[in-house]
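Here are a few exercises to work through with the structure open beside you. Try each task before reading its solution.

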Amino acid sequence: MNGTEQGAGPHAGMNDLVERLWDASSAGDEYAAADAALAALDGGVDPEVFLLDVVAPVQARVGVEWAANRITVAQEHTATAINERVIGALAHHDAVRARRPADGAAARRATVACIDGEWHAMPARILSEVLRLRGWHVDYLGAQVPTPHLIAHLHQTGPEVVALSSSIITRLPTAHATITACQATGTPVLVGGAAYGGDGAYATLLGADAWASNGRAAAERLSGGQLSAPVPVHETIDDLPHLTDQEYTYVARTAPELVRFTLDGLEERFPDMAGYTDQQRRHTAEDIAFIVEFLGTALYLDEAEAFSGFLLWTAGILVARGVPAHSLLPALDLLDERLADFPRSRAILTHAHEVLRKSEVPGDGPAA
Amino acid sequence: MTEPTPGSGGLHELASEPNWKNAPHPVLSVDAAGVVAHANDVARLMLPVRPGEPLTEPRWLARAHAEAANGPVRGVAGARIFEACRTAADSGGHTVWWLSDVTEAQRLADRLAVERARALVLREASNELLSSLNLERCMEVTARLAARHLADAALVIMPKFGRRHPVTYCGPDGVAVREYLAVDTAALPGLAEALRGFPPVPSRWIDPAAAPGWVARRELGEAGAIVVIALPGHGVPAGALVLVRRRASCGFDDDGPGPAEDLEPAGGGGGFTEDEEAFARLFAARAGAAISAAGLYAEQASITDTLMRELLPPKTQRLDGVELAARYRPSGSRERIGGDFYDLHPAAEPEGEALVVLGDVCGKGLEAAVLTGKIRNTLQAVLPMADDHQRVLGILNEVLLNTDTTRYVTLALASVRRQGPQVWLRLTSAGHPPPLIIRVGGEVEAAATRGSLIGALDKVTSVTDTVVLEPGDTCLLYTDGITEARGGPLGEELFGEARLRRELAGCGGMPPEAVVERVHMLASQWAGAGFHDDMATIAITAPRRVHLSAVGGHGRGRFTA
């Protein structure tokens with residue numbers, strides 16, 4: 001969502017608020033952040049609008065600023081924690097309390113959760129708060145919910161819908177298993193988050209019952225009407241028949257070996273790496289592990305762009321940190337060598353190689 | 001032998017005897033004007049046709065002729081069903097209709113269609129019912145499927161819960177509605193019996209006109225037939241299924257039997273056939289099993305919930321002038337009750353010490369839950385002695401040794417006291433990883449405390465460390481699920497304390513929620529899809545500046561993820 005649009009309309013005036021909240025939360029100043037939020041509500045800003053057009057854009061900016069190396073990981077977490085506290089503080093404002101349904105009022109019930117391995121809880125938290133403002137009974141389960149616990153919760157509470165948030169594309173295989181398991185309980189699933197792509201194509205691919213591009217769209221979709229019950233018996237392989245070629249399984253299962261092979265290969269090709277510190281070596285191994293993980297995800301989805309997109313993003317991050325982007329190419333070559341018998345893997349690697357070369361920023365030497 | 005042809009039909013007299021006269025099937029020829037020219041013996045025997053008279057009966061055949069329909073048509077004549085095929089009109093304009101008796105074939109086809117449809121219903125029922133362990137959802141599915149396939153409306157009625165019966169009703173619109181009704185089940189014959197597990201009351205004993213209004217609802221108009229079927233449970237009845245049909249559905253469609261589009265009867269003067277009732281019982285057996293399984297599950301889950309509630313940390317996370325955040329991530333395994341717990345006892349008096357406890361009980365599930373409860377109760381009781389950690393641990397050890405369990409626990413105790421801008425901590429580890437102190441500038445140090453685990457040895461010893469947190473400093477208590485997470489880029493490597501300390505070096509000055517989030521994120525990423533145990537962390541932070549606002553600590557901790 002974009003809360004920083006210029007011009008008239010409901011977003012006008014939000015820009016200042018976004019800036020104020022951003023300044024406060026990125027500085028770790030809880031009090032300034034909460035003051036800004038409470039003052040906005042005092043001034044008549046609708047709590048839902050504040051959540052969707054101020055908090056959400058600020059949170060989105062946290063990720064952007066981190067990727068651009070303008071804030072540290074510590075600041076990233078701190079800003080997120082401050083934003084969480086701001087939401088907590090809002091709950092006590094009269095404008096929010098007035099919106100709560102009376103006790104005993106029959107409310108529509110939803111479960112909102114992040115799938116296992118997903119720790120970016122803020123979008124799910126915002127959706128929960130917005131639905132509550134709209135009178136829903138929301139069970140917000142937070143970040144990283146193990147699937148068996150989620151399913152047990154669904155059996156116990158029987159919600160009308162479960163909303164699952166995923167921001168990281170490499171979690172999509174897990175998300176797929178979770179979506180299918182939720183549907184098997186007869187509960188329709190709405191998904192959202194950056195992992196599903198800008199147009200939600202992966203949501204369709206993975207058989208979700210509905211997709212929303214942002215918190216507002218999700219709330220609208222759910223308020224609009226009940227989702228129809230999902231097809232009960234349904235296996236993940238039904239959605240993605242290409243998985244029978246076992247390429248995903250192989251890459252996912254042998255990921256540590258692939259990382260080891262690539263790391264050794266790089267050391268052989270670039271004797272300079274012998275001089276790496278432990279820290280540098282560790283970072284190189286982690287980078288390669290990410291590459292392998294994304295390769296696995298691209299195989300799972302059968303989407304070469306999922307992999308090349310990640311490499312371009314990584315290249316951007318590397319460049320922001322003073323590392324030339326083409327340092328990624330030798331790793332791709334080594335994986336290509338290792339996966340010689342896997343046609344889909346090779347096609348994905350070749351595609352990424354081309355995309356990366358075309359976007360090449362001049363530079364020299366391997367690095368990590 | 002042909003009957004003499006009456007009337008003016010000179011042409012018919014002239015027409016030569018057809019060569020199909022002795023065919024074993026009904027055959028007739030009809031002229032361009034729609035008058036029957038010839039009909040063989042079989043045709044005249046089985047059909048209401050007379051040569052020389054216009055073809056009016058059977059109506060379906062007359063219609064097919066008039067419409068010059070191509071292809072075979074089917075219809076009833078007398079008690080039989082015929083299929084009729086035409087031959088093209090000859091030069092004299094005569095069309096010959098050949099009929100064959102397909103009564104038996106039709107009966108078999110109908111039967112097959114019914115059986116197929118029933119198999120489909122049972123399959124659908126099994127799929128939908130088996131996938132849910134939610135009682136309300138199972139009742140809804142049962143009512144919906146029954147209303148769609150077995151009747152016009154269906155009710156699933158549960159035994160009384162308090163003073164009312166949980167009822168799910170589904171009408172012809174296919175929408176299942178949950179209700180709680182205070183009704184007298186004796187008003188509908190067979191219902192009270194079904195709910196108590198007595199043999200079924202024959203449906204012919206039920207007078208639909210006398211059925212109470214909550215069964216035969218107004219939207220149905222006049223009820224034609226009602227049947228009550230027990231939903232068999234595990235030894236006890238799970239409830240009852242009531243099927244209601246409108247009088248209209250029980251009527252007779254005289255335009256010949258069509259293909260069996262539905263399981264509802266095409267005739268029979270109203271009510272459910274014996275065959276249909278038998279099938280409804282088959283359906284009810286599955287629904288009953290699913291409903292009682294869901295009931296059992298709900299009961300178990302509520303026991304777990306009660307235990308969990310008992311084990312949950314107190315909701316308040318506010319300590320006087322100290323920031324606190326806790327986070328718990330259960331292991332991915334199916335056990336819903338983990339072995340990690342945490343507790344918070346605020347100070348008894350304003351300047352006093354609060355006590356924070358993080359524990360890790362060996363094992364999981366019910367036994368671990370019971371032990372955790374015992375530990376928490378004991379700690380609560382010995383709270384007045386909390387100024388002496390060693391003594392508290394000694395008492396706890398004795399209590400655990402005196403129970404018949406071989407389980408033990410590791411604990412980290414933190415007594416917390418605000419002193420001006422500083423926070424003073426007394427930290428004791430009993431077989432637990434020592435707490436880590438993250439200074440605002442990023443230095444990380446381990447508290448100098450160690451001690452034996454509790455519940456295994458006759459004597460326990462421990463060393464308590466005193467640590468002062470300056471504004472922005474954080475003390476992190478964590479369970480070994482963090483450091484023992486296995487994985488990493490090369491697999492099978494321990495996350496380990498060294499890595500944890502290195503990562504924490506980047507966390508100086510962070511709010512406690514951010515620290516616990518960061519630690520959980522790193523450990524989970526490290527473990528990836530690999531196994532990890534429960535992970536619990538508590539961060540205690542000295543506020544970076546004096547509290548002026550009332551905002552601090554509103555955010556509820558998410559100890560249960």
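A residue is buried if 20 or more other C-beta atoms lie within 10 Å of its own, exposed if 12 or fewer, and partly exposed in between. Keep in mind that this is a predicted model.

**Exercise 1. A helix in chain A**

Task: Find out whether the residues of α4(A) are largely enclosed or not, and check the span of the helix.

Solution: Begin with the burial cut-off. Of the 18 residues of α4(A), 14 are buried, so the helix is largely enclosed by the rest of the structure. Next, turn to its length. Helix α4 of chain A covers residues 73-90, and at 1.5 Å a residue it should span 26 Å. The end C-alpha atoms are 26 Å apart, which agrees.

**Exercise 2. Positive phi angles**

Task: Compare the settings of Gln144(A) and Asp302(A), and decide for each if it is buried, partly exposed or exposed.

Solution: Start with the backbone. Gln144(A) is not a glycine, yet its phi is positive, at about 50°. For Asp302(A), also a residue other than glycine, phi is near 60°. Now place them: Gln144(A) sits in strand β2 (residues 137-145) of chain A, whereas Asp302(A) belongs to the loop between α14 (278-301) and α15 (304-320) of that chain. Finally, apply the cut-offs. Gln144(A) has 24 other C-beta atoms within 10 Å, so it is buried. Asp302(A) has 18 within 10 Å and is therefore partly exposed.

**Exercise 3. Around Leu335(A)**

Task: Describe where Leu335(A) is placed and which residues it touches.

Solution: First, locate Leu335(A) in helix α16 (residues 329-338) of chain A. Then count: 25 C-beta neighbours inside 10 Å mean that Leu335(A) counts as buried. Leaving out residues up to four places away in sequence, Leu335(A) touches Leu258(A), Thr262(A), Leu295(A) and Leu349(A). As a last step, look at Arg321(A): it is 14 residues from Leu335(A) in sequence and 24 Å away in space, C-alpha to C-alpha.

**Exercise 4. Chain B against chain A**

Task: Which element gives the largest share of the side of chain B that touches chain A?

Solution: Take the totals first: 37 residues of chain B are in contact with 43 residues of chain A. On the chain B side, the elements giving two or more residues are α4 (103-130), α5 (135-149), α7 (274-311) and α12 (512-527). The largest share, seven residues, comes from α12(B). By type, this side of chain B divides into 15 nonpolar, twelve polar and ten charged residues.

How values were computed: Residues numbered from 1 in each chain as written. Chains lettered and ligands numbered in written order. Predicted model: local features only at pLDDT ≥ 70, side-chain atom pairs only at ≥ 80, totals over all residues. Contact = placed C-beta atoms within 7 Å. Helix = DSSP H or I, 4+ residues; strand = E, 2+ residues; numbered from the N terminus. Nonpolar A, V, L, I, M, F, W, Y, C, P; charged D, E, K, R; others polar. Expected span 1.5 Å × (residues − 1).
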